[in-house]
Amino acid sequence: ELVRDAGTFVELRWENHLLFLDEQKYLPPPSDFPQANMRVMVPNVDDYWQLANQLGARAIKPISDRDYGLRDFTITDPDGFGIRFASEL
């Protein structure tokens with residue numbers, strides 16, 4: 001749910017969590033692989049993988065079971081920042 005939109009800054013609410021996104025237009029263009037990513041733990045990562053594909057998100061690491069005990073995938077936002085969705089195995 002969109003809580004606040006101030007042009008280059010937005011505040012989103014997801015369940016009981018807030019996410020703040022701040023666009024920085026002066027930064028260099030994104031590379032092919034993000035330097036950092038944020039992990040979002042979800043109950044069923046396969047549902048989010050399906051949604052990401054339906055929305056046409058750019059996946060840089062497809063869904064898979066990982067040796068660190070998670071099933072996850074990573075997409076990038078338009079600025080090239082990585083967002084990783086995961087569920088415990």
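Helices (H or I, at least four residues) and strands (E, at least two) are DSSP runs, numbered from the N terminus. Keep that in mind as you work through these exercises on a predicted model, where local features need pLDDT of at least 70, side-chain atom pairs count only at pLDDT 80 or more, and totals for chains, interfaces and linings use all residues. Residues are numbered from 1 along each chain as its sequence is written, and side-chain values use heavy atoms, with hydrogens and water left out.

**Exercise 1. Describe the overall fold.**

Step 1: Take stock of the elements. The protein has one helix and seven strands.

Step 2: Read along the sequence. The pattern is β-β-β-β-α-β-β-β.

Step 3: Look at the dimensions. The C-alpha trace spans about 40 × 30 × 25 Å along its principal axes.

**Exercise 2. Work out how the open sheet is built.**

Step 1: Recall how strands join. Strands of a sheet pair through backbone hydrogen bonds, either parallel or antiparallel. Here, two strands pair if DSSP finds at least two bridges between them.

Step 2: Find the order. Four strands form the open sheet as 4-7-6-5, with mixed pairing. Its edges are strand 4 (37–41) and strand 5 (58–65), each of which pairs on one side only.

Step 3: Follow strand 6 (residues 70–76). With strand 7 (residues 82–88), strand 6 pairs in the antiparallel sense over seven bridges. Strand 5 and strand 6 also run antiparallel, joined by five bridges.

Step 4: Zoom in on Ile75. Its bridge partner in strand 7 is Ile83, while Ala59 stands opposite Ile75 in strand 6.

Step 5: Visit the hairpin of strand 5 and strand 6. Four residues lie between these strands, and Gly69 takes a positive phi near 90° there.

**Exercise 3. Decide whether Leu21 is buried, partly exposed or exposed, and find the patch that includes it.**

Step 1: Locate Leu21. Its place is in strand 3 (residues 17–22).

Step 2: Set the scale. Buried means under 20% relative accessible area, exposed over 50%, and partly exposed in between (1.4 Å probe, protein chains only).

Step 3: Apply the scale. Leu21 has 36% relative accessibility, so this residue counts as partly exposed.

Step 4: Add the neighbours. Leu19, Leu21, Met38 and Phe81 form a nonpolar surface patch. Nonpolar side chains (Val, Leu, Ile, Met, Phe, Trp, Tyr) are joined within 5 Å, from residues with over 30% relative accessible area and no salt bridge.

Step 5: Compare with the whole chain. Buried residues make up 27% of the 89 residues in the protein.

Conventions:
Patches are made of residues with over 30% relative accessible area and no salt bridge: like charges are joined within 9 Å, nonpolar side chains (Val, Leu, Ile, Met, Phe, Trp, Tyr) within 5 Å. Accessible areas come from the Shrake-Rupley method with a 1.4 Å probe; for residues, only the protein chains shown count as cover. A salt bridge is a side-chain nitrogen of Lys or Arg within 4 Å of a carboxyl oxygen of Asp or Glu.
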